[in-house]
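Visitor: Could you give me a close look at a single part of this protein? I am a first-year student, and I would love to hear how the pieces fit together.

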Amino acid sequence: MTSTSFRTDVAIIGAGPVGLFAIFECGMLGMASHVIDVLDVAGGQCTALYPEKPIYDIPGFPQILGGELIDRLQTQAALFHPVYHLGQQVIELKRLPTDRWFLGTSAGVGIDAAVVILAAGVGSFGPNRPPLAHIQHFEQQPAGSGVQYLVRRRDDYRDRRVVIAGGGDSAVDWAVSLAEIAASVAVVHRRDKFRAAPDSVQKLRRLAAAGTIELVVPFQLAGLEGEGKQLTGVVVRDLDGQTRTLAADVLLPFFGLSQDLGPIARWGLNLYRNHVAIDPSTCSAGSAGVFAIGDIASYPGKLKLILTGFAEAATAAHAAHPVVHPGEALHFEYSTTKGVPAAS
Ligand code: FAD
């Protein structure tokens with residue numbers, strides 16, 4: 001049931017970094033945007049998963065924290081007065097007889113848009129949880145204790161006994177970072193090989209050689225020990241079935257994200273392995289007026305990087321312009337020539 005209705009040029013599904021930059025690119029071409037996100041705050045993976053982690057490959061910023069990048073993108077987007085609908089999922093997308101699009105959200109909001117830009121990342125995302133008995137007893141604890149799937153504030157881990165499980169970038173980067181402030185850091189991984197940036201793996205090995213981090217390899221998580229809801233130990237098992245218990249206040253399992261496209265899978269788009277296949281020259285998702293950009297968009301050679309998504313936002317905005325403003329000539333202009341509206 002739809003309780004509130006809006007009409008706009010562009011509806012952007014997903015307020016991650018790429019969706020936020022799409023607001024700006026559309027605004028530069030005279031198109032107004034409404035942005036919908038199932039999370040309560042804008043920023044997608046940057047805000048939800050690594051607000052305090054430095055990103056090193058945003059052009060012009062040798063280093064910028066995930067949260068800071070989002071603040072800057074929102075400031076840049078604010079020039080074009082986007083309307084945000086946060087804390088609600090787009091559950092319905094259908095073509096109207098007018099050739100425009102209708103989006104319905106879980107909060108009963110209805111949006112009538114000329115163009116839809118899907119910037120939905122991996123869909124509604126959540127962590128892959130390890131299959132440990134009674135794990136739910138230790139979840140939903142204050143940050144820095146129990147089982148946590150992301151580090152929102154690094155300082156919550158000061159003087160804590162931290163066990164990290166996993167062998168990817170998050171596991172390695174957080175082990176290196178938290179080793180500076182935690183009482184102890186142990187990294188549990190099923191093999192003695194890490195799938196992370198070589199430089200980070202080198203740092204991890206240096207800290208392990210110095211005794212600052214304990215590498216518990218090849219081991220797997222086997223259980224949790226605690227008093228009430230208070231985690232006290234993480235049980236691990238090696239390939240021979242031998243177990244040992246690591247003293248712990250907090251377990252950080254970093255086993256990647258579960259990808260669930262959710263309602264997006266039912267909208268008749270060109271799906272390819274949980275992604276939306278697009279034509280990279282326009283970012284068109286196959287239906288007239290629907291574009292996909294950022295992590296959700298797939299084509300041969302696609303790099304899942306924020307900077308790739310930024311370029312796709314510009315491409316989609318240019319391809320959307322004739323749909324929103326039919327018959328209106330669009331002369332390509334640089335931002336330096338065109339200028340932007342004064343901040344209000
Ligand atoms: P997302 O950030 O995933 O945002 C998509 C948004 O869409 C989400 O907020 C989601 O809630 C919303 N959504 C989905 N479905 C719906 C729906 N139906 N209705 C409403 N809302 C919906 N990239 C780099 O370039 N450099 C790095 O150094 C880097 N480091 C990373 C470190 C970590 C730990 C992780 C996890 C990722 C890293 N990445 C990095 C990847 C980067 O974060 C992603 O490429 C980027 O977030 C993709 O942006 P996006 O806007 O496409 O999607």
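Guide: Happy to! Let us begin with one idea: two strands count as paired if DSSP finds at least two bridges between them. Strands of a sheet pair through backbone hydrogen bonds, and this pairing can be parallel or antiparallel. Please keep in mind that you are looking at a predicted model.

Now find V188 at the end of strand β12, which covers residues 184–188. Its bridge partner is V216 in β13. Strands β12 and β13 run parallel, and four bridges join them.

Let us step back to the sheet around this pair. Five strands form an open sheet with parallel pairing, and their order is β10-β17-β11-β12-β13. Which strands stand at the edges of this sheet? They are β10 (146–147) and β13. Each of these has a single partner strand, so one side of each is left without a neighbour in the sheet.

Helices pack here too. Helix α5, made of residues 169–178, lies across β11 (161–165), β12, β13 and β17 (250–253). Its direction makes an angle of about 165° with β11. Helix α6 (residues 198–209) also packs on the sheet, where it touches β12 and β13. The direction of α6 is at about 105° to that of β13.

Now follow the chain out of β13 (213–216) into the loop that leads to β14, where you will find P218. Most residues other than glycine have a negative phi, and most peptide bonds are trans. The peptide bond from V217 to P218, however, is cis, with omega near -15°.

Past that loop comes another open sheet, with three strands in the order β14-β15-β16 and antiparallel pairing. Here β14 (219–227) and β16 (243–247) are the edge strands; each has a single partner, so one side of each has no neighbour in the sheet. From one strand to the next, the twist averages 30°. Strand β15, residues 230–238, pairs with β16 in the antiparallel sense over five bridges. To see one place where they face each other, look at R237, which stands opposite T243 in β16.

Where does this fit in the whole protein? The domain assignment gives domain 1 as 4–124 + 258–338 and domain 2 as 129–255. The centres of the two domains, taken over C-alpha atoms, are 35 Å apart. Six residues from domain 1 and nine residues from domain 2 take part in the contact. About 570 Å² of area is buried between domain 1 and domain 2, and carbon and sulfur atoms give 47% of this area. Across this interface there is one salt bridge. You can also look for D173 and K53, whose side chains meet in a salt bridge at 2.9 Å, N to O.

Before you go, here are two residues with a backbone surprise. H134, in the loop between β9 (124–127) and α4 (135–138), has a phi near 60°, a positive value in a residue other than glycine. H81 is not a glycine either, yet its phi is positive, at about 50°. Look for H81 in the loop between α3 (66–78) and β5 (83–86). Is H81 buried or exposed? Exposed means over 50% relative accessible area, and H81 has 55% relative accessibility, so it counts as exposed.

Definitions and conventions: Residues numbered from 1 in each chain as written. Predicted model: local features only at pLDDT ≥ 70, side-chain atom pairs only at ≥ 80, totals over all residues. Heavy atoms only, no water. Axes fitted to C-alpha atoms, helices over the stretch in contact; angles between N-to-C directions. Buried < 20%, exposed > 50% of the residue type's maximum accessible area, 1.4 Å probe, protein only. Domains from an automatic or database assignment. Contact = heavy atoms within 4.5 Å. Buried area = accessible area lost by both parts, 1.4 Å probe. Salt bridge = Lys/Arg side-chain N within 4 Å of Asp/Glu carboxyl O.
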